[in-house]
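I am opening this notebook to record, step by step, what I looked up in the structure shown below. The entries go from rings to helices and then to single residues.

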Amino acid sequence: MKIWNLGLGIGLSLVMAVAGAKSSVWEVSKGGQKVYLGGTVHVLAQSDYPLPEEFDLAYKDSQVLVFEMDMNAAQTPQFEQTLMQKMMYLDGRTYADELQPNTVERLNSYIKERGLPLDNLKILKPSLLSITLTMKELQRLGIMGAGVDQFYTMLGSQDKKSFQYLELPEEQLEFLAGMGKGYEDEFINYTLDDINRLGDMMADMKQAWRSGDSQALVDLSMIEWQEKFPQSYQSLIVDRNNNWMDDIEGYFATEDVEFVLVGALHLVGEDGVIKALRDKGYKVKQL
């Protein structure tokens, strides 16, 4: 499922893009107006900086930065309470009450092997447990630095750019809380399988992202996800992409130039925003 892309999302040092390669930034135009789209990785290592220069070119040419959601709004006590209600057991149950014994045994063994606090983790529902274990592994691998979104949020604040958001934090929480619902055991086992190969997958994923290899992004992260967890793929990728289209198309009617920064997997593939805009007659140029 590649939970680290949700995001959620992506260290090893990358091989620099070969000459003539593209980037994960697109310029979309229609009727004399343009909007930039940038595919982001939500978590990076320090060695991943500086970012590809195309991101900086789009940033400098835009007045408005558009992100998936306002991370600052997700730091309030109200949001934390909502997260607890939706993604944690608050009635005395634990994941052992929802998962099959063999899944629980494998999960407990992994947690103990990694030296993680079992008592703190056992009250997490499978969706939050999957995210938490993945984030812990990224931290162990040294890949928990600021991602593209956070980098441009901080830079945009310093430069007095305007900000807009495609989703409320509560809306994104609803999508994440639904991950694995109805197939919790398969979901957790797949997460554990993913974690065991996370370092190699991250290196491949970031190399594809950095060089703008859209097909590699699809092959690495989306095909297996779509096949194994179609409901999750539908809600986390397809539905959200469709929900964003009215806002994105609306940016072509403004005087400002917007730079839309969303997870890279939202832009590529047959269900991606790039294809949807092309199908609607927009001119799309990959930088």
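**Aromatic pairs**

I began with the aromatic rings of this predicted model, and the count came to 13 aromatic pairs. I then picked out one pair, Tyr-152 and Phe-259, whose ring centres are 6.2 Å apart and whose planes stand at 65°, and since an angle over 60 degrees counts as edge-to-face, I entered the pair under that heading. I next checked where the two partners sit, and found Tyr-152 in helix H6 (residues 148-158) and Phe-259 in strand S7 (residues 258-263), so the pair ties together parts that are 107 residues apart in sequence. I also looked up their exposure, and both Tyr-152 and Phe-259 are buried. Following the ring pairs further, I could write down a cluster made of Tyr-36, Tyr-49, Phe-55, Tyr-59, Phe-151, Tyr-152, Trp-209 and Phe-259.

**Helices H9 and H10**

Trp-209 of that cluster brought me to helix H9, which I looked up together with helix H10. The axes of H9 (residues 198-210) and H10 (residues 214-221) come within 8 Å and cross at roughly 155°. Angles over 145 degrees count as roughly antiparallel, and I therefore noted the two helices as roughly antiparallel to each other. Their crossing is left-handed. On the H9 side the contact is made by Asp-204, Met-205, Ala-208 and Trp-209, while H10 contributes Ala-216, Leu-217, Leu-220 and Ser-221. Sorting the residues of this contact by character, I wrote down 6 nonpolar, 1 polar and 1 charged.

I then asked which residues of H10 are buried. They are Ala-216, Leu-217, Val-218 and Ser-221, and the buried residues of H10 pack against H9 and also against helix H11 (223-228).

**Two single residues**

I looked up His-266 next, and its place is in the loop between S7 and helix H13 (273-279). Its relative accessibility is 5%, and because buried means under 20%, I entered His-266 as buried. Leaving aside residues up to four places away in sequence, I listed what His-266 touches: Glu-68, Leu-236, Ile-237, Arg-240, Asn-241, Trp-244, Gly-272 and Val-273.

My last entry concerns Met-84, which lies in helix H2 (residues 77-87). With a relative accessible area of 37%, Met-84 is partly exposed. I also looked up how far Met-84 is from Ile-274, a residue 190 places away along the chain, and their C-alpha atoms are separated by 35 Å.

Definitions and conventions:
Residues numbered from 1 in each chain as written. Predicted model: local features only at pLDDT ≥ 70, side-chain atom pairs only at ≥ 80, totals over all residues. Heavy atoms only, no water. Axes fitted to C-alpha atoms, helices over the stretch in contact; angles between N-to-C directions. Helix = DSSP H or I, 4+ residues; strand = E, 2+ residues; numbered from the N terminus. Parallel < 35°, antiparallel > 145°, perpendicular 65-115°, else oblique. Left-handed = near helix turned anticlockwise from the far one by under 90°. Contact = heavy atoms within 4.5 Å. Nonpolar A, V, L, I, M, F, W, Y, C, P; charged D, E, K, R; others polar. Phe/Tyr/Trp six-rings, centres within 6.5 Å; stacked < 30°, edge-to-face > 60°. Buried < 20%, exposed > 50% of the residue type's maximum accessible area, 1.4 Å probe, protein only.
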